[in-house]
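Before reading on, take a moment to look over the sequence and the structure shown here. The paragraphs that follow go through the model step by step, beginning at a metal site and ending with the overall fold.

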Amino acid sequence: MLMEKERNLVVEYGKKLITENLTDGTGGNISIYDPETGLMAISPSGMDYFIIQPEDIVIMNLDGEIVEGSRKPSSEKDLHIEMYKNKPGITAAVHTHSMFCTTLACLGMPIYSVHYVLADAATDVVPVTPYVTYGTKDLALAAVEAMGDAKATILANHGFISVGKNIGDAFGIARECEWVAQIQWRTMCVGKPNILSREEMERVMIKFQTHGQVKEKK
Ligand SMILES: [Zn+2]
């Protein structure tokens, strides 16, 4: 079986999407890419995350062809493929319909740096990808363009996607962005949130990059 380690990680992190409230039902999807073989392990379409087994994970190449697997891949396979084609050093992607990121998505509103942990996403503002029909290559290309050098984007009237140097990184960004989106929404319910400057966020990004332990103490 190809990509056994990656298959197991997709299964494990799929369950975490549910247990950490980043999606419900069968929404969202996860993939892991191996640049050496050019293959991607992606979650299957429409399956309960607690039923998915390693053999249900679909192995694809970046031409969108199934290399191994009997299941139908996630309908957002192109969204994952285009990230790996266009973003060097990225080997994992997490797509969610998490409550607060999706709330902002339906407002067409970015995630602002209302809290410094947003620096995890390598940006001071998580940009919005304009609305494009789900499951299309046009959505994938629009998301890559909107994301730029950031590691996440809000998908208008849809949800969210983050990418990372490994699955733990991509998943952590999804979790932090959801938390900051919730804080942003809550503060906006009461008044006008104070937003940290780009300069300060760049300082935090440098701290995050150079002091791995610091992040765990935040
Ligand atoms: Zn979606």
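**The zinc site and its surroundings**

Along the chain, the donors of the zinc ion follow the spacing H-x1-H-x60-H. In this predicted model, the residues that coordinate the zinc ion are His95, His97 and His158, each through its NE2 atom, at 2.1 Å. The pair of histidine 97 and histidine 158 links distant parts of the chain, 61 residues apart: histidine 97 sits in the loop between strand 5 (92-96) and helix 3 (99-107), and histidine 158 in the loop between strand 9 (152-155) and strand 10 (159-164). The two also have their own degrees of burial, since histidine 97 has a relative accessibility of 37% and therefore counts as partly exposed, while histidine 158, with a relative accessible area of 12%, is buried.

Two of these histidines, His95 and His158, are also among the residues that glutamate 76 touches, and the list further includes Asn29, Tyr134, Gly135, Thr136 and Leu139, leaving aside residues up to four places away in sequence. Glutamate 76 is placed in the loop between strand 4 (66-68) and helix 2 (77-86). Which side chain of opposite charge is nearest to glutamate 76? That side chain is lysine 77, at 8.5 Å, and glutamate 76 has no salt bridge although it is buried.

**Charged pairs**

Elsewhere, the structure holds 10 salt bridges. One of them joins the side chains of lysine 85 and glutamate 82, at 3.7 Å from N to O, and both residues lie in helix 2, three residues apart, which is about one turn of the helix. Glutamate 82 is buried, because its relative accessible area of 5% is under 20%, whereas lysine 85, at 43% relative accessibility, counts as partly exposed.

Another salt bridge, at 2.7 Å from N to O, brings together the side chains of arginine 198 and aspartate 124. Because arginine 198 lies in helix 6 (residues 198-210) and aspartate 124 in the loop between strand 6 (111-112) and strand 7 (125-126), this pair ties together parts that are 74 residues apart in sequence. Here arginine 198 counts as partly exposed at 49% relative accessibility, and aspartate 124 counts as buried at 13%.

A further salt bridge is formed by the side chains of lysine 16 and glutamate 20, at 3.5 Å from N to O, and these two residues are linked with Arg175 in a network of salt bridges. Lysine 16 is partly exposed, with a relative accessible area of 23%, and glutamate 20 is partly exposed as well, with 27%.

**Aromatic pairs**

A search of the whole structure finds four aromatic pairs. In one of them, the rings of tyrosine 33 and tyrosine 84 have centres 4.8 Å apart and planes at 15°, so the pair is stacked. Tyrosine 33 belongs to strand 1 (residues 29-34) and tyrosine 84 to helix 2, so that this pair, too, links distant parts of the chain, 51 residues apart. Both tyrosines, 33 and 84, are buried.

**The chain as a whole**

Seven helices and 10 strands make up the secondary structure of the chain. The C-alpha trace spans about 50 × 35 × 30 Å along its principal axes, and the radius of gyration of 17 Å agrees with the value near 17 Å that a compact globule of 218 residues would have. Of the 218 residues, 51% are buried. Among contacts in the chain with a separation of 6 or more, 66% are between residues 24 or more positions apart.

Notes: Residues numbered from 1 in each chain as written. Predicted model: local features only at pLDDT ≥ 70, side-chain atom pairs only at ≥ 80, totals over all residues. Heavy atoms only, no water. Helix = DSSP H or I, 4+ residues; strand = E, 2+ residues; numbered from the N terminus. Buried < 20%, exposed > 50% of the residue type's maximum accessible area, 1.4 Å probe, protein only. Lys, Arg positive; Asp, Glu negative; His and termini not counted. Salt bridge = Lys/Arg side-chain N within 4 Å of Asp/Glu carboxyl O. Contact = heavy atoms within 4.5 Å. Donors = N, O, S within 2.8 Å, 3.2 Å for Na, K, Ca; no water. Phe/Tyr/Trp six-rings, centres within 6.5 Å; stacked < 30°, edge-to-face > 60°. Rg over C-alpha atoms; globule rule 2.2 N^0.38 Å.
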